[in-house]
Amino acid sequence: MSPDSDESDDPAPRSEPAPRTVAAEHSLDPMRRTIAKRLHESYSEAVHVTASREVDAEGLLAAREAATERHEVDVTVTDLLLSALSATLDEHPGFNATFEDDVHTVYEEHNVGVAVDVDAGLLTPVLADVGEKSLAQIATERASLTERVRAGDYSMSDLRGGTFTLSNLGPLGVDAFTPIINPPEVAILGVDRIRERAVSDGDGGVAFRREIRFDLSFDHRVVDGADAGRFLSTLAEEVDGIEARTD
């Protein structure tokens, strides 16, 4: 305490809790209750672990421009990542799966749920059989599905049958997060914003390149950290060579 301070300025101990004035109360609507129930189920049952990796994004951004011009449709980073993700699931099928009643079920189709932010919460409509679609088809169908969900023009069937989920928070400026597995799936890929980083140019100098970070949450009951590391390594290779997948 400084010699100039006045002990009388110190607040006296309170005899009552700090007052709280209620500004508003909101009961959960049916959609939010369902979301809360599924999140509780996910964290109660799955053993969540998240592994992250940063990947050079220069090729990804160049591919987006080239693909949009070539196909005359608005190809987004999410569309390109869906294509790269499908190729990655080909190499690591154990992630394209569900885990229920102690059974790890691996699927042939890559039915990828794409998280969509709506007024009432978060929905994950499923883009069916991504591996059998061209990039133009992925872009067109993903955009249509997203638009319908945001307009409320969807059925419960649009939200079912997923084998993996992708959640892209990059457009919202998120640097990193821990995505929550969508049960009974065994994994979910989180995508963060693209950032410019200083990297070595190989000649003792510095170059600035754009990078993207991936956060892979997985159920440790089914797959291990080494499996996740290999998954992210394959995904990084697919993203690095994404320009070859723009046809």
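The following questions and answers concern Val77 and the aromatic pairs of a predicted model.

Mentor: Local features in this predicted model need pLDDT of at least 70, side-chain atom pairs count only at pLDDT 80 or more, and totals for chains, interfaces and linings use all residues. Residues are numbered from 1 along each chain as its sequence is written, and side-chain values use heavy atoms, with hydrogens and water left out.

Trainee: Why is Val77 called buried?

Mentor: Buried means under 20% relative accessible area, exposed over 50%, and partly exposed in between, with a 1.4 Å probe and protein chains only. Val77 has 12%, so Val77 is buried.

Trainee: Which residues does Val77 touch, not counting residues up to four places away in sequence?

Mentor: They are Leu60, Leu61, Arg64, Ile194 and Ile212, where contact means heavy atoms within 4.5 Å.

Trainee: How many aromatic pairs does a search of the whole structure find?

Mentor: The search finds two. Phe95 and Phe231 form one of them, at 4.7 Å centre to centre with 50° between the planes.

Trainee: What makes the pair of Phe95 and Phe231 tilted?

Mentor: Rings of Phe, Tyr and Trp (its six-membered ring) pair if their centres lie within 6.5 Å; planes under 30 degrees apart count as stacked, over 60 as edge-to-face and the rest as tilted. The angle here is 50°, so the pair is tilted.

Trainee: Why is the pair of Phe164 and Phe231 called stacked?

Mentor: The centres are 5.9 Å apart and the planes differ by 15°, so the pair counts as stacked.

Trainee: How do you know that Phe164 is buried?

Mentor: Its relative accessible area is 0%, so Phe164 is buried.
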